[in-house]
Amino acid sequence: MNTSNDRPKLGLYSLTSCSGDILEITNLEEDLLRLLDVVEVVDLNVAMPSTGKSPDIALVEGAVTQPDEARFLRRLRKKAKYIVSIGTCACTGGVVARGTKKRKEWLREVYPETGEGFTSTFPRPVGDVVPVDFSVPGCPIERGYLMHCLGYLLKGVTPEVPNYPLCMECKMKGNECLLRYRGLPCLGPVTRAGCGARQPSVGRPCDGCFGPYEDANKEALVEIFRRMGLGEDEIRMRFDLFWER
Amino acid sequence: MKKTLISRVEGHGSIGLRIKGRRVESVELDILTPPRLFEKLIVGRHFSDVPTVVSRICSICSASHRVVSVMAIEDAFGVKVPQEAVLLRELLLHAETLESHGLHLFLLALPDYYGYASLTAMAAERPEAATLGFKVKGLGNRLQECVGGRAIHQITPVVGGMSAGPSREGLKRIRHEAEALSAEVARFLSSDIPEIEYARLVEVNKSVSLSARGYGYIGSHIVIDGKEKVKTGDFYRRFHESALPPSYTKHTLCDGEPFMVGALPRVLNSGGKLRGRAGALVKRLGLREDRSTFMNNMAQGVEIVFSLDRVAEITGRLIELGLPEGQDGAIAARVRPVAGRGTAAIEAPRGLLVHTYTFDEKGYVMDGDITTPTAMNLADMERTLRSMAEALIKERSDIRPALETLVRAYDPCISCSVHIVRL
């Protein structure tokens with residue numbers, strides 16, 4: 001293994017999250033060893049104390065819900081060359097960024113003795129606190145997609161990523177269209193490709209965790225949902241799992 | 001309605017210890033996890049979206065959260081799930097156990113046994129332990145992908161059944177690997193793994209687990225200390241949450257006492273039902289008589305062997321059944337929402353996991369409650385931490401490594417980051 005000190009430095013940081021995106025990186029298995037050959041991991045805050053070295057590339061997972069996390073990000077911004085949001089929580093706030101108005105009330109109900117004193121704020125994407133250089137969406141992220149992006153970033157180039165609908169990948173796999181032939185409210189037509197159409201491939205409509213590609217025509221899909229007989233509330237909830245509010 | 005703290009995986013934890021002279025005044029385990037309020041996030045949502053949201057509680061146990069939430073909803077609506085779907089769900093839970101135990105036992109806990117400060121130190125001198133851990137974890141991940149559609153935040157378990165069938169080719173490959181790996185792990189665990197120095201200082205007070213027909217992770221009754229059975233639906237009658245001063249973290253107690261959940265309580269309560277390699281291993285390690293809390297790690301080893309053997313068995317049966325694959329392989333009963341409440345429990349890798357939901361007549365969530373194994377173990381962790389601190393404080397100045405090792409033995413969701421001990 002390459003242990004020289006001139007390898008680019010990689011930092012992995014976990015904010016409020018399920019840690020699934022960092023876990024997905026450990027699931028790279030053999031590719032992980034190859035990655036460790038070309039980068040030096042200087043931080044992995046879920047499992048080891050910091051080495052104190054500044055990262056060239058900082059991968060940040062999770063939403064920002066604590067004043068400490070925001071302060072940490074502002075310090076990180078001064079040290080890191082690139083900050084990359086990984087996973088839907090870091091990119092948009094994720095599944096937990098719901099219930100804007102009710103949050104105070106929820107805290108009191110769930111933690112009656114302590115909720116009042118919590119410093120917790122509404123989950124914000126990393127980009128709301130500091131400028132982010134690049135976003136790798138997904139709940140969780142896809143190993144292959146991340147490695148593809150890292151390849152570009154290590155050469156100092158902005159990654160080229162799919163800017164077309166999930167339907168492209170779904171068709172390439174030879175799947176039956178769940179929207180057209182099974183009447184299921186699939187978000188594939190407006191969702192960025194990159195996961196290989198995981199959900200439709202196993203019979204469940206896409207929930208849109210990658211978010212929209214540029215110029216995705218949400219209104220057209222909403223109109224299709226209306227014609228399928230979905231109520232306005234049902235349509236709103238389809239976009240309310242992972243999409244940015 | 002009682003609520004519980006839902007801790008995230010590998011979050012930050014800390015042990016707070018107040019010592020006066022040579023006397024331990026208080027012990028407090030803090031899970032410094034920002035609240036994410038999952039029980040509230042699902043209120044007002046359609047039942048079909050609930051498993052998708054709650055599986056995001058934890059990336060290591062996402063399959064457990066998905067499967068138990070689906071089962072609680074099926075309990076509320078009175079859905080009878082087809083046998084093949086139950087078998088696929090069981091297979092998914094074995095896969096998750098392999099991924100989770102493989103990571104915890106081999107990569108996080110074993111360095112404590114061999115006396116290494118970290119995984120990297122152990123991997124340099126004892127590569128076989130680390131390699132075996134990666135193999136078990138890798139197989140678990142590939143099987144979760146094959147059956148669940150993804151290694152993290154699985155897709156296929158849906159209310160009524162499963163949304164797709166696994167690929168035959170994938171099952172065949174995994175079956176061969178599981179057979180070979182089971183023998184390899186059993187051999188490794190039969191070799192002499194040193195005992196933890198302080199293993200004799202703490203033991204299990206009350207062991208709580210699910211009762212399955214054989215040994216297993218799905219069941220309809222909870223067993224307390226190998227004898228008493230409680231219906232899953234009556235969980236909230238026997239298990240109560242309270243905030244114990246000085247900590248405000250919620251503790252779950254059984255008849256007012258701390259209890260332990262996880263691999264060791266499962267083996268203590270149901271280990272007699274284990275046959276074959278896993279059964280022989282239980283005897284060899286003396287696990288049915290040994291109540292040391294630290295034996296939880298060895299019990300995880302036994303479960304790795306058990307799950308590998310079950311995986312070989314179930315994949316074999318599925319290959320024979322020749323179910324349709326992928327999109328065409330959905331197996332699901334009809335689901336009609338009715339107003340009411342449903343509860344289900346399963347054995348997640350780190351112990352009993354209980355979900356309860358109340359729905360309106362259209363199937364929208366009115367209320368939810370999730371009690372996680374780490375929350376259940378909290379009171380017991382504080383109990384054993386205190387007795388170990390009391391025993392060790394008289395003879396040594398730095399008791400931090402000992403306390404950290406004890407917390408790790410429970411395999412809490414915060415295991416690898418419990419390195420912040422305030423004294």
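Good morning. In chain B, helices α10(B) and α11(B) are roughly antiparallel to each other. I begin with that pair, and I should say at once that the model is a predicted one.

Helix α10 of chain B covers residues 276-285 and helix α11 covers residues 296-321; their axes come within 8 Å and cross at roughly 165°. An angle over 145 degrees counts as roughly antiparallel, and the two helices are therefore placed in that class. The crossing of α10(B) and α11(B) is right-handed. On the α10(B) side, the residues in contact are B:Arg277, B:Ala278, B:Leu281, B:Val282 and B:Leu285. On the α11(B) side they are B:Met298, B:Gly301, B:Val302, B:Val305, B:Phe306 and B:Asp309. Sorted by class, this contact comprises eight nonpolar, one polar and two charged residues. As general background, an α-helix has 3.6 residues a turn, so residues three or four places apart point the same way.

A second helix pair in chain B may be set beside this one. Helix α4 of chain B, residues 83-114, packs against helix α6 of chain B, residues 127-148, at an angle of about 155°, and their axes are 8 Å apart. The pair α4(B) and α6(B) is therefore also described as roughly antiparallel. As for handedness, α4(B) passes α6(B) in a left-handed crossing. The class count for the contact of α4(B) with α6(B) is 17 nonpolar, six polar and three charged residues.

Let me now place these helices in the whole of chain B. Its secondary structure consists of 13 helices and 14 strands. The radius of gyration of chain B is 21 Å, close to the 22 Å from the globule rule for 423 residues, so chain B is as compact as a globular protein of that length. Its C-alpha trace spans about 65 × 50 × 35 Å along the principal axes. Of the 423 residues in chain B, 66% are buried. Where contacts in chain B join residues at least 6 apart in sequence, 71% of them link residues at least 24 apart.

One further helix of chain B deserves attention. How many of the 10 residues of helix α13 of chain B are buried? Eight of them are, and α13(B), residues 400-409, is accordingly described as mostly covered. The buried residues run from B:Ala402 through B:Leu403, B:Glu404, B:Thr405, B:Leu406, B:Val407 and B:Arg408 to B:Ala409. After α13(B) comes B:Asp411, with a positive phi near 55°, in a residue other than glycine. B:Asp411 belongs to the loop between α13 and β14 (420-422) of chain B. Is B:Asp411 buried or exposed? Its relative accessible area is 1%, so B:Asp411 is buried, the cut-off for that term being under 20%.

I turn to chain A, which has 11 helices and five strands. A compact globule of 245 residues would have a radius of gyration near 18 Å, and the 20 Å of chain A agrees with that. The C-alpha atoms of chain A fill a box of roughly 60 × 50 × 30 Å along the principal axes. Buried residues account for 55% of the 245 residues in chain A. Among contacts in chain A between residues at least 6 apart in sequence, 73% join residues at least 24 apart.

Three local features of chain A follow. The first topic is A:Gly87, in the loop between β4 (82-86) and α4 (88-92) of chain A. At 0% relative accessibility, A:Gly87 counts as buried. Which residues does A:Gly87 touch, leaving aside those up to four places away in sequence? They are A:Asp21, A:Val136, A:Pro137, A:Gly138 and A:Ile141. For A:Pro137, the C-alpha atom is separated from that of A:Gly87 by 4.7 Å, although these positions lie 50 residues apart along the chain.

Next is the peptide bond from A:Cys139 to A:Pro140, which is cis, with omega near 0°. A:Pro140 sits in the loop between β5 (134-136) and α6 (143-154) of chain A.

Last is A:Asp215, a residue that is not a glycine and yet has a positive phi of about 65°. Its position is in the loop between α9 (198-201) and α10 (218-227) of chain A. With a relative accessible area of 75%, A:Asp215 is exposed, whereas B:Asp411, which also has a positive phi, is buried. Thank you.

Definitions and conventions. Residues numbered from 1 in each chain as written. Chains lettered and ligands numbered in written order. Predicted model: local features only at pLDDT ≥ 70, side-chain atom pairs only at ≥ 80, totals over all residues. Heavy atoms only, no water. Axes fitted to C-alpha atoms, helices over the stretch in contact; angles between N-to-C directions. Helix = DSSP H or I, 4+ residues; strand = E, 2+ residues; numbered from the N terminus. Parallel < 35°, antiparallel > 145°, perpendicular 65-115°, else oblique. Left-handed = near helix turned anticlockwise from the far one by under 90°. Contact = heavy atoms within 4.5 Å. Nonpolar A, V, L, I, M, F, W, Y, C, P; charged D, E, K, R; others polar. Rg over C-alpha atoms; globule rule 2.2 N^0.38 Å. Buried < 20%, exposed > 50% of the residue type's maximum accessible area, 1.4 Å probe, protein only.
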